[in-house]
Amino acid sequence: MRIIKRKTYRALVGPVWGENPISIQMLGICSALAVTVQLKTAIVMSISMTFVVAFSSLIVSMMRNWVPRNIRILVELAVIATLVILADEFLRAFYYDISKQLSVFVGLIITNCIVMGRAEAFALSNPPHLAFIDGIGNGAGYGSVLLAVAFIRELFGSGKLFGVKIIPESFYASGYEDMGFMLLAPAAFIIIGLLVWLQRYLTGD
Amino acid sequence: MSDRSRSIIFAAVLCLVCGTLLTAASNGLKDIQQRNIMSDRRKNILKSVGLIQKHKQYSAAQIDNIYERNISRLLVDEKGDLLGENRDGTPADKWGLPIYLYINQKGLIEAYIIPVDTRGLWGKILGYIAIKNDGSTIMGFTIYKHSETPGLGGEIEQNWFQNNFVGKKIIEPSGAFVAISIAKGKAADSVPKERYSHYVDGISGATLTGKFLTKGLKDLLTNYEAVSVKFRNIREYCKTNQNTPWCRR
């Protein structure tokens, strides 16, 4: 019992910190650049991503004993693509405004290496419940970096959080200016780099 | 069973299952999605004439209600005349210019709304521009679809950008047509004061989006200039054409 518990725990918490898909494994950087200009889009992206990676891992893991080895990548991709399109259709039907903001990026979850990577590296060799929890853990790990980056970019780039002005007008009056650079993709690179450095420093690697 | 046929059967079954799921989702949600798109357009039309507040949430039914009470859609030709059903046998929908009229509770036309459909840097920019019944003052401007870079050109969907259009003039005081342009950076810094009423503040880092939008709006307003002229000279026009819908004011 304790071993199972420890395994489950490791599958959930490992990807959030020690094996974080973005800051340690350097996967999924491209979408981390694209959707982190605002916190709101980053949150919806994280939720969609968690949904996709958790359920694709679950489904791939359930099929793992029947999938022929030679077409396993195609099978994984078909499962992932189906889930992504379902998520996209769902957002478009019930959260139209947000889906408008995310535009193509939900569709691009398909190309996110984290989803494929977890299916291939974990789900194919582990039972469904572990694979599902591993998916949630990876989604959370991805989301936590996204939120950290989005927080910094929205705050310094447009002086807002969740679209609400945070930096007081008096700052602007006395010469403070938003950093336009924060809104550009290279800024996200630099912030992710700094976060990686911070994490390595804290863990003593 | 050989490995190969097993792979093929597995792939076929998987495709069937995925395909069924996607078709079901797409068909099942289509109506709701279409309604969202319709409602979003109507919302933008109402926003452009200030009939709804920008930060408030409205239900689809509320939007339909306000829309149907105030807005009517017409088609005009390039001379600004209202269209009958057909020309050369093709329905007016195919070649007429759509225009929306904001008719208030007293039956007066307050503004006319022109659908914006122009290219941006990465794709189409769709929205609405509302012009007051004087035929020269912009009442509002909204964007409901675009593919510009989020945070840069994507700022065109933000209120601060759109609010800049309100009160700008598409003609000079002399009456000459100038359209409306997006300045490079703050209009106050880059444009001489007397031209200021034809420029809105640009978005820093999105010069190209501004350029495309400027050109698109100019072409669009040129197309609709005949309608605008009618509104500018509405008094004289209505003396002789009392029965046209333009003269309901």
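Student: In which hand, left or right, does H1(B) pass H2(B) in a crossing?

Tutor: This is a predicted model, and in it H1(B) passes H2(B) in a left-handed crossing. The residues that make the contact on the H1(B) side are Ser39(B), Arg42(B), Lys43(B), Ile45(B) and Leu46(B). On the H2(B) side they are Ala60(B), Ile63(B), Asp64(B), Ile66(B), Tyr67(B) and Glu68(B).

Student: At roughly what angle do the axes of helix H1 and helix H2 of chain B cross?

Tutor: Helix H1 of chain B covers residues 3-48 and helix H2 of chain B covers residues 60-70; their axes come within 10 Å and cross at roughly 50°. That angle makes H1(B) oblique to H2(B).

Student: How many disulfides are there over all chains?

Tutor: A disulfide requires two cysteine sulfur atoms within 2.5 Å. By this rule the count over all chains is 0.

Student: Why is the sulfur of Cys15(B) too far from the closest cysteine sulfur for a bond?

Tutor: The closest cysteine sulfur belongs to Cys18(B), and it is 6.9 Å from that of Cys15(B), so the two are too far apart for a bond. As for accessibility, Cys15(B) is exposed, with a relative accessible area of 53%, whereas Cys113(A) is partly exposed, at 35%.

Student: Where in chain A is confidence lowest, and where is it highest?

Tutor: As a general rule, predicted coordinates should not be read in detail where pLDDT is low. Chain A has an average pLDDT of 85, and 97% of its residues score at least 70. Confidence in chain A is lowest in helix H1 (residues 2-13), with a mean of 75, and highest in helix H7 (residues 128-158), at 91.

Note on methods. Residues are numbered from 1 along each chain as its sequence is written. Chains are lettered from A and ligands numbered from 1 in the order in which they are written. This is a predicted model: local features need pLDDT of at least 70, side-chain atom pairs count only at pLDDT 80 or more; totals for chains, interfaces and linings use all residues. Side-chain values use heavy atoms; hydrogens and water are left out. Buried means under 20% relative accessible area, exposed over 50%, partly exposed in between (1.4 Å probe, protein chains only). pLDDT is the predictor's confidence in each residue, from 0 to 100. Helices (H or I, at least four residues) and strands (E, at least two) are DSSP runs, numbered from the N terminus. Axes are lines fitted to C-alpha atoms, for helices over the stretch in contact, and angles run from 0 to 180 degrees between N-to-C directions. Angles under 35 degrees count as roughly parallel, over 145 as roughly antiparallel, 65 to 115 as roughly perpendicular and the rest as oblique. A crossing is left-handed if the near helix is turned anticlockwise from the far one by less than a right angle, and right-handed if clockwise. Contact means heavy atoms within 4.5 Å.
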